[in-house]
Amino acid sequence: KQTLNTEIQQLEAKLISDAKKALTLIEECGLRDDNFSRKSVPNHFLKLSRNNDVSFDSVWQGKLIDGEPLYPKRVDDSTASTIDSIQPQLIEYYLLTKELVFDLKLKVSLRKHITPLSVINAIQNELKTLKEEQNKLLISEFNTIISNEIRDQPTPFIYERLGERYRYFFIDEFQDTSILQWSNLQPLIDNSLSSNVGSLMLVGDAKQAIYRWRGGDADQFLKLIEKSSQPFVIEPKVEQLDTNYRSLKEVITFNNSLFTFIANHCFDHSPYQHLYRDYCQKNNKNDHGHVTLKFLDIANVEEADDLYPEAVYNKITTCTSQGFEYGDICILVRKRKQAVAISKFLNSKGLEINSAETLLLNNSEKVVFVLNVLYLLVEPANKKNKVNVLSFIADWLKMNDPHEYIYENLNSSIHQIFKDLQLFNITLDTENVLQLTLFDLTETIIRSFNLINKSDAYLQYLLDQILDFTKHNPGDIMSFLSYFEEHKHKLSIVSPQNINAVKIMTIHQSKGLEFPVVIYAYADTDIYEDIEPKVWFNIEEQHYNGFSSSLVSVNKDLQNFNDQGDVLYHQYRSKLELDSVNLLYVALTRAEQQLHILSKKDFKQNGQLNESSYASYFIKYLNDKNLWEDSKADYSFGYPEKIISETESEQTKPLGLKFISQSKESHQLKIISNKGLLWDTKQEQAIERGNLVHLILSKIKTAADVDFVMSEFITTGELNTLEANELLQLIIGTINHAQLQPYFNDSMQIFNEKEIIDNKGLIYRLDRLVITPDDKAVIIDYKTGSEKSEDKRQILRYTQLIQEMGYTIKESLLVYINDDIKVVKVS
């Protein structure tokens, strides 16, 4: 970085110096700024002399290089002659400063990415350390590891062994296969094909390669199709599946025509042109089908989120009037936020919709209410949660004046709020409800407020989530609420089958699916849109401390850095074009009967068409067909009617299962807990109490853990409050015992319930092993009842095992937990 800083300073100084030389030349010739057309030449060098940014795509710059006049007609012949005479020198200064500008921009771009690369490197090193400590590998690394292992081997041994078992290979969706995956599979497949008894079938469609961001590379598939790449000795046979069995004729015809036009007019890369121009689809159904294009007048993003959803709603209304059901219709969008905007609008119109967003648990008012009650139970002073709870209650119980109800109860205790609700037959005992498990507590809230008077998939799935969560995590309320907050964007119910609702999904989600009617909204995507794109740029190792490449930003400047930058820039642009056209292809080929495209009249302020959006594809296509009219917004192809399919099945609403919930008390059952307080004898009580203390201590590493662990035992129903208070005295007595207190300190390395395997394969479990800061071991073993000689033999065996592991034993302690605490040092 220091080297780059020095080079940047030198380049800036050189650039300013040369720009000033150009200005001095103009001044010494007695020329004024207005002697040049629009003062362009002197203004250009003036900006450079002040280290300001300049552009290199102006009209005057082309005239300068081509030797055309740089002055207006009004200048006299003497001035014109003077400017002509210095034009070669101005060209020299222009080219020199242009080279310096882009060299400077390259250095600045390299410097900009040094810090992020350093951070990534630091994270990578930390990750490497964690993986080594935990003896783990990321699954994403396996392709790279395999590639490194087999790179220089003719036929690796593992592939020879696999090749004896597998002879026939079928790879589907090959267009989404990464280069690394394919290179790893080639030796295995080659081993099979070389034996003359195996085969390989690759199936894919390069026009549906929309996962380049995930490693998929359509180019390697194109090379196989064109036979420019032949990785095996056997000549491949390429068979084109050219018949469309999904769509009606008008949909197929429109798509063939549109994408052939795009191939001929919008691609710079020849193989991509051939892909769309030479592979049109044939029709297999009747002559029906309907395609529409609608162009909206949209000025900004805010208008888009108003006008597109409304246009979608109008289109749905038209389709249903033609006999289509809501369930026949799918709305496709590019981005999730567009789906949210349409979902909200259709919801406001009372339409049944089915989308990933509407299926989220967090979109259920009842689920949010239950979670707010849980929050309020653990944070009763939180007024925001209290307002949320009171607001739902007021709405749920249809209070005459909700605002007054919230105001009157805002400063009331939660105990009083829920006590007052008994007038509405709602009973929730806040004093005892926290003694329930999280699942029972949630079910009690749902039952108390009668939130399920009919089937509710959201609440049922919430209970399922809680049950699953408490199986693998602490069962306290805050742990689950934190988990839900972190995952609320993806916790959703399973989509019901055969529901008669309009589907809303992104184009990526729709891949491989088909629908009777497709409405593609927001069809104005920026073809070259990308979020801070970067590419690897080769640099000279001797100039950059051994670095052979670095990240640089992809923008128009890249093509002017050098020949490498020019190639990288145009390669990147070509791939973005293919990605965008492929995405459009996937969207427009999901329709069976009707395809409706909602775009906009995408013109710049100067009246020119915005060439970088999908809208330009549609407008230029209609222009090519002599159909475009500036005043016309709607275009239609085919027949606006529904075709009844022979296999069309009736859509029904899913059968809702009744939610059944009753309190344990209503069954008049008594549950015997494992706490032992209901056992018949004092001896059994003492043993069970000792076991519980033993279990609690296994959860405690330091004294700071006591409160949390005891609360967890209460929350999970292992203990009630009275029992917990009684056992707490024993726990504190143990931890604070003079001989034990030093070993419940966070300066120690502590292992509870640690298993050790001896050289004969026998497994021993130590209650507590403490490693002191000076690397000495302390063994602590908990016991109940009277002292036994076998207790000493057992801890001495533990001592021997730890010594065999190379540790020095500081002391071994037997802790007898009965009515009092007794510690015995064993040596």
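Begin with helices α11 and α22 of this predicted model, which are roughly parallel to each other, because their axes cross at roughly 15° and angles under 35 degrees count as roughly parallel. To see this, select residues 270–277 for α11 and residues 563–588 for α22, whose axes come within 10 Å. As you turn the view, note that α11 passes α22 in a left-handed crossing.

Next, show the side chains where these two helices are in contact: from α11, select Tyr272, Leu275 and Tyr276, which meet Ser574, Lys575, Leu578, Val581, Asn582 and Tyr585 in α22. Coloured by residue class, the residues of this contact divide into 6 nonpolar, 2 polar and 1 charged.

Now move to the sheet, which is open, has 7 strands with mixed pairing, and follows the order β7-β8-β6-β9-β12-β5-β13. Select 353–355 for β7 and 634–638 for β13 to find the edge strands, each of which pairs on one side only. From one strand to the next, the twist averages 20°.

Within this sheet, select residues 290–296 for β5 and residues 591–600 for β12, two strands that run parallel and are joined by 7 bridges. Among the residues to pick out here is phenylalanine 295, whose bridge partner in β12 is serine 599.

Finally, add the helices that lie across the strands. Residues 301–321 form helix α12, which lies across β5, β6 (329–333), β8 (502–506), β9 (515–520) and β12, and runs at about 150° to β12. Residues 614–624 form helix α23, which lies across β5, β9, β12 and β13, and runs at about 115° to β5.

Terms used:
Residues numbered from 1 in each chain as written. Predicted model: local features only at pLDDT ≥ 70, side-chain atom pairs only at ≥ 80, totals over all residues. Heavy atoms only, no water. Axes fitted to C-alpha atoms, helices over the stretch in contact; angles between N-to-C directions. Helix = DSSP H or I, 4+ residues; strand = E, 2+ residues; numbered from the N terminus. Parallel < 35°, antiparallel > 145°, perpendicular 65-115°, else oblique. Left-handed = near helix turned anticlockwise from the far one by under 90°. Contact = heavy atoms within 4.5 Å. Nonpolar A, V, L, I, M, F, W, Y, C, P; charged D, E, K, R; others polar. Pairing = 2+ DSSP bridges.
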